[in-house]
Amino acid sequence: MSAHAAHHHVPPTSFIRKHVFSLDHKVIGKQYYALGLVAALVGMVLSWFMRIHLAWTNAAIPGLQLLSKNGAPGGVMTPEYYLQLMTMHGTIMVFFVLTTAPFAAFGNFFLPIQVGAEDMPFPRFNMMSFWVTFTAFLVLMSSFFVGDGPTLGGWTQYAPLNAVGSVGGPGQGAGVVLWAASIALFCVGQLLGSLNFITTTLDLRVKGMSLMRLPLSAWGWFITSCMGLTAFAVLMPACILVILDHVAGTSFFVASNLVMNDQLLPHSGGSTLLWQHLFWFFGHPEVYIAILPGIGIVSHILITNMRKPMLSHRVLIYSMGALAVLSYMVYGHHMFVSGMNPFSSLAFSFPTLVITIPSTIVVLIWTFSLYGSKLRINSASLFALGFISMFVSGGVSGFFLAQPSIDIMLHATYFVVGHFHMVMGVAAMFGIFAGTYFWFPKMAGRMMNETLGKIHFWLSFVGTYCIFMPFHYLGMAGNVRRYSTFVDDFLQPLIPVHRFITVAALITGAAQLIFLYNLIHSRFWGKPATDNPWEATSLEWSTATPPPFDNFGGKHPVVYHDPYQYGVQSSVGDYVMQTSPEQVKTEHEEK
Amino acid sequence: MATTVHEPPQIDPHRLPDQGHSGNFGWRNLVPADGDLRVALDYSPPPSSTGIWVVLFAITMMFAAFTSALVVRKGSSLDWQSFTLPSILYFNTLLLLASSVTLEVSRRRVAAFMGGLNSQVESPARWLYITLFLGLLFVAGQYVAWSQLSAKGLYLATNPSSSFFYVLTATHALHVLGGLGGLIYVIRKLSKSALRRSTLVATARYWHFMGVLWLYLLLLLWIKL
């Protein structure tokens, strides 16, 4: 444990050093949040385009032809362009929203404060982390405007399509190279971030802050950073090999004698399964990289609003750790239909079923802790409850998909799309929203509008179920995924369901404008926030709002308590802050 | 939940940074600029010594990914052609191992100089320069190896075996260049008498790791190619 001053840099005065190339973890956290917000809007608009096309195939989308003349002549997208938009939607959402916002944005802002540090130990690397990630985003976006547009291979970029070049279709030349370069850069950014997160947690904790006294949100970020370190270090070399297959003529992923579009490809002997192994060794932990910060954030928020700690702080932490470790053993469940040895499928199926145990423990701890508590209902706690709802609803379908015999039937259908959108996508988004409503006062110094927040929650919550529950039905009805139209085939009877989903998606997406308005309006005109508006206990609430440059105004806090001392009788109310030396008794001890 | 009010943890006197020449390999203690004694008295490893392990772990994972790619690619194809490794690689290996030895010598010299035990060490950076030189020679030697292979007609795309040779050795060489950057940083800090012990330790760990990694890669290439 340490009270190492991370560094003694003085507050910058120039605009560039203060707001652009800033070394301050709080500014970098906000930059990551802004990046996540922009990326989420782009990803959402792309999903609107896709949904409109699926429901009304021949409908022209005004302005789409400006994005790509060939991909959307007259505003009606071609099947290839549908796949290109789908790929970009997935890539943007998974990497630049679900990884950056809950982990890099909130983690950067609050992890150092929650451990009591002045900053991260390597602020220059931290700044590089953001700017490299930002560059990665620009590189990915540039593929919209280069050659025949972005890649169409899906966010998983399966081989050999990812390595054959432009013969594979629009965007499979320059589009793939830009995709792989963007993701390789993204990996560098996240590795630099993980380095800072791990060292901050291990080395910069203030006196009295033992590991078990860290708030659950800090645990979420710490475990996630350990996962990121392992996962991104594997995805990066995979991307390098893909780029080499494109630009240097190597044959890592393309098999011999492959004929594509009547053309014999010059590659020989490559392994298509190799890409899947490398990708999913990253890809499955990535799911938990997206969701674990949410688990930590939601637990942190629920405890504050329940006014009592979780049933077991330790078990929750151990379960999160178990999820992290197991996530590396289950990745093959994405490959049940890849043609790999059926015994491998069994070997991957078993840990996949086992991983439901820590997930269930986490959910049970939440549920039983909530039972009988007098939960304070506000936008943050509502979104936290919504997170649990999505995590459970999406997780239950995971039980089915974990079994190879069922997965083979459902793999290429909307069932899987519904599953991962709920358990990973929307759940993580709800975690981001919960975190925003909870921490906005500390980040911006002003309160968000609660009424708008609650309207935003109910529209998002109901809307999300309207969108993604029918996906499961579509999947069971045999609706294949990644098709751009269902007009002239056996799926035509399902078109009304698709239309319902599209309308729900448009309304739910529009509801996010309420959030955007609330965010911007509150930033400038919201009610000024006090230092501790939620009467919370952890260190971020013990400092000024917004926190000063060195987080604690030149002081070094000392920690005397576990992170969640609620339901006690102290001089300030029913809680005692971690930094308070006051000795208190719990209600339990009173009795 | 029980009430948990504890005193802040006691400081272990044996782990205190010392003020003199004993017990801490003769390093002068770093008293914080703001004079906050609490900072000086609370001990924990400096972030760079944790951080360097984090970096080394990431590099290990990266080369593990390359290794598994090599094993899978070789196992799944019929087009793999073996070739003899250029013999200069063995000479390069000796250079890299020698540089680890000279780095250890320089660590001791710098420690003696910083601790004031041996003020007669006129240029504590001399052995660091030698290490730097050996490291540069290693990279140059790798370049010679690539030239020899390409002279034989073995390029990056010629065969999967040559592809992996170039990818693995070039990635390693890039990491060695990163280590050379670290050494230059250490020399600069030393010349300003602002070198932290932890910086030198972290750089040394990284450098030794490059040596170990190279031995592993050489063995892998020797077996698989």
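What follows is a short exchange about how chains A and B of this predicted model are described.

This is a predicted model: local features need pLDDT of at least 70, side-chain atom pairs count only at pLDDT 80 or more, and totals for chains, interfaces and linings use all residues. Residues are numbered from 1 along each chain as its sequence is written, while chains are lettered from A and ligands numbered from 1 in the order in which they are written.

Me: What makes the radius of gyration of chain A agree with a compact globule?
Reply: The radius is taken over C-alpha atoms, and the globule rule is 2.2 Å times the number of residues to the power 0.38. For 591 residues, that puts a compact globule near 25 Å; chain A has 24 Å, so the two agree. Its C-alpha atoms fill a box of roughly 80 × 50 × 50 Å along the principal axes.

Me: What share of chain A counts as buried?
Reply: Buried means 20 or more other C-beta atoms within 10 Å of a residue's own; exposed means 12 or fewer, partly exposed in between, with C-beta atoms placed from the backbone. In chain A, 57% of the 591 residues count as buried. In chain B, buried residues make up 32% of 225.

Me: Which elements does chain B have, helices or strands?
Reply: Helices are DSSP runs of H or I, at least four residues; strands are runs of E, at least two; both are numbered from the N terminus. Chain B has 6 helices and 0 strands.

Me: Where is confidence lowest in chain B?
Reply: pLDDT is the predictor's confidence in each residue, from 0 to 100. Helix α1 (residues 37-41) of chain B is lowest, at a mean of 35. Helix α4 (residues 126-151) of chain B is highest, at 96.
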